Structure formats: structure tokens, C-alpha cells
Amino acid sequence: MNPNEAPFLVFGAPLIGEEEILEVEQCLRSGWLGTGPRVARFEQDFAAYKGVAAPHVAAVNSCTAALHVSMVAAGLDPGAEVITTPLTFCATVNAIIHAGLTPVLADVDPNTQCISPAAIEAAITPRTQAILPVHFAGRPCDMASIMDIAVKHKLLVIEDCAHAVESKYRGQPVGTFGDFGCFSFYATKNVVTGEGGMILGRSEAHIARAKVLALHGMSKDAWHRFGDQGYKHYQVVECGFKYNMMDMQAAIGIHQLARVEQNWLRRRDIWQRYQDEFAPAPLHLPTEPTDDTRHGFHLYTVGVETQRTGIERDAFLDQMNRRKIGTGVHYLSVAEHPYYQHRFGWQPEHWPNAMRLGRETVSLPLSALLSDSDVTRVIAAVSDILANAAAE
Ligand SMILES: *Cc1c(COP(=O)(O)O)cnc(C)c1O
């Protein structure tokens, strides 16, 4: 195809099958759009995929909600410190703040881009009560070291698994190491429901409380009040939130989850093809996954270092856009944002690895929707931009 006629490649556009479309239609025709039987089925399917019993999971309307509700359900002391990574989406930090807790950053390992266990240890104070690691790009964090630290200092662990629905560490699914694992089904994630999330909890009591908190603090949800068993009264037992997932969302999720492994294989192939094609390029490429982990292949990120490539990162993004290829930045260090700088006095220089990575990183398209020729287009565009930059 003439590249001038090629459509814009939307970054993170998901692969949606006919099954999802049909299920949403059936859901609409059923008259039950809110939280009901399809959410229950999605929870069961998700629990089965993770190898846990259904009472250990709770569907919610985002990963942000999952993180927030997990920390509230855990009952940490007001203002307690939660150690997390600066190389994450702002929602990770915002959820800590909304839970009435204090975020504390620990820098990432420059190779894995995941939070460094040594940096966690160094950030612990008498006020620390939890660690919130993010399995960055789908690469599992060093969970053996993180859990050792947690046990030693009696800290709660909340895993941000937004990138990592398929990821495993030493054969065990991520999200099952800590007290909570929080998953995202946002439109660009590995499994999508449009907006959506899931909480996985080691303790059934924590999940039961999270479910109540996620629906106004009510003792019974709507399906149990308006279902075919007759009206049931509810009691408000906590001041909760409005975080429930709809059946409309679960209708998509059920079929997305059924194809999770198939899509993972496709993204793995694309990831590996990028790795092979870019091996000679003057880019910082992601470290290969280790043998004892299963990478989720959510993001393929390259580092554009101006000294090596002759082009600035933002100019590179602009050049990709001109070639009709959508890219992402995951992430500018959270310490780059003015709100946190004002509130906590954070400066990016305090976490130099995250600062450098965030200023150089570019995420290339990595969706199961991409055809081989789409991937070829991405590779050609990157090569062309780098060749032009080197020639200047
Ligand atoms: C997407 C994302 C979130 C938030 O997920 P939502 O479902 O959009 O609320 C949290 N953390 C990370 C690392 C993410 O990528």
C-alpha cells in the first residue's frame, strides 16, 4: 500500500471479535445493563484464569478504583506511607492519595524499569505500611525480594497489574503474591472492557469488604435486590464508592478473556520481531525477559537518546505521527508533574533512573489487532526517522 493512503494506526487499538459485539447486543436486549449475571460470570472466568476461587476476586469499573478500594479495605492508618514507583501512570499515586495515605517513591531498576527492591528498603520509615509495585510493561517485578522485604517489615503489598494480566513470576501469576492484585481493562490494555478493573485478594474478607465499598457501602447489590428472588432490603454499612462494573462491560470482557492467551502469543511475536529488527539500531531496547518470568508484552518501549540518535524524543514522536503511526509515552516520571511537585516537593532528579527513562522512552504499537504489514510499517517508519536523523 502507498504509505500516503495508509490509515492512521491508533496506538493501543484493541482487537474486538464478533463474540463481544453479539454479547453486548444480547446484554442490551436482556434488559439488564447494570451489575448482574455477566459480571458474575466474568469474575468466575477471571478467577479460573488466575487459579483462585471466585470469592477472591471483585470486578470494578477501573484499575484506579481497584487500587483505591483495596487500600481502603486494608484499613491502613490514616497518612501511612505507601512506597511505589515513579515510572507509572498517575492513577497509581492518585489512588494512594485518595485512600488518605502518603505516596513515597522508590526509583526503578534501569534494566527492568520495575521498582528496585534496594530502593524500597532505603525508602522505609516507621510510617511505611505498604508497598505498591507496578509490573511495568508486563514485566514482573522482583517479587521474591519484594515479598521478603514485606514480611521482614510487616508491610502490605498491593500489586498494580494494569499491564500484566498474563504475567507470571516463577510460574505464579502476578497479583497473587501480595495482599491485593489490581487489574485494568481500559481500552488499551491486554484485556479490554472499555473501562473496567478487577481486584484479586488473598483474603476473602478483604474482597468481601472491597465489594461493599465498591457499591456505596451497601450490604446487597442491585442484582440481589431487583432479581427474580423478590425485593430485598439493604443496609448501608460503610461510606462506599460508586465503582461497580456493568454487565455491558463484562459482556465484552468475557470474550476478551477467552482470547487472552491467543492475543498474548500475537503480541509476543510482534515484540520479538521489533527486538530482532531494531537490534542494530541506535535505540535502547527492552531487556529480554528472564527464564523464570512470563512477560505480559503489554508495551514495547524503546529509549531514544539524543546523543546516540541525533533526534530528540519529542521530535521522534512527532515524526512517527507524521507517518500516521500513533505512539505513547510510558511514562514521564510522576515527579515531573506540577501537582506532586507542589504537594510533596518532589523533583525528578531525586529518582534519576525514572527521570532518564521517562524523558527518552517511546512506546511503539503492540496490539493483537496489528497485521504483519502494520508492523512492517512501524519498523520502516522508525528506521527512516533514525536514518534521516543520522544524516543531518
Ligand atoms: C492503566 C493503568 C492504571 C489505571 O487503570 P484504569 O483501569 O484506567 O483505571 C493504573 N496503573 C497503571 C500502571 C496503568 O497502566
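**Ligand shell, a small sheet and internal cavities**

In the predicted model, a side-chain N or O atom of Thr 64 lies 2.5 Å from an oxygen atom of the ligand. This is a polar contact, that is, a pair of N or O atoms within 3.5 Å; within protein, one atom must be able to donate a hydrogen and the other to accept it, and residues adjacent in sequence count only if both atoms are side-chain atoms. Ser 184 places a polar side-chain atom 2.7 Å from a ligand oxygen. For Lys 189, the distance from a side-chain N or O atom to an oxygen atom of the ligand is 3.1 Å. The ligand taken alone exposes 380 Å², and the protein buries 94% of that. Areas were computed by the Shrake-Rupley method with a 1.4 Å probe; for residues, only the protein chains shown count as cover.

Local features need pLDDT of at least 70 and side-chain atom pairs pLDDT 80 or more, while totals for chains, interfaces and linings use all residues. Residues are numbered from 1 along each chain as its sequence is written, and side-chain values use heavy atoms, without hydrogens and water.

The ligand is surrounded by 15 residues, each with a heavy atom within 4 Å of it. Thr 64, Asp 160, His 163, Ser 184 and Lys 189 come nearest. The shell comprises 6 nonpolar, 7 polar and 2 charged residues. Here Ala, Val, Leu, Ile, Met, Phe, Trp, Tyr, Cys and Pro count as nonpolar, Asp, Glu, Lys and Arg as charged, and the others, Gly among them, as polar.

Lys 189 also belongs to the lining of the largest cavity. On a 1 Å grid over the protein atoms alone, a cavity is a set of points where a 1.4 Å probe fits but cannot get out; lining residues have an atom within 4 Å of a point. The largest cavity has 19 lining residues, with Thr 188, Lys 189, Arg 267, Leu 366 and Ser 367 nearest its centre. Its lining divides into 9 nonpolar, 8 polar and 2 charged residues.

An open antiparallel sheet contains 3 strands in the order E7-E6-E10. Strands are DSSP runs (E, at least two residues), numbered from the N terminus; two strands pair if DSSP finds at least two bridges between them. Strands E7 (172-173) and E10 (293-294) are at the edges, each with a single partner strand, so one side of each has no neighbour in the sheet. Strand E6 (residues 168-169) is joined to E7 by 2 bridges. Lys 168 has Pro 173 in E7 as its bridge partner.

Methods. Helix = DSSP H or I, 4+ residues; strand = E, 2+ residues; numbered from the N terminus. 1 Å grid on protein atoms, 1.4 Å probe; cavity = no way out; pocket = protein on both sides within 12 Å on 5 of 7 lines; lining within 4 Å.
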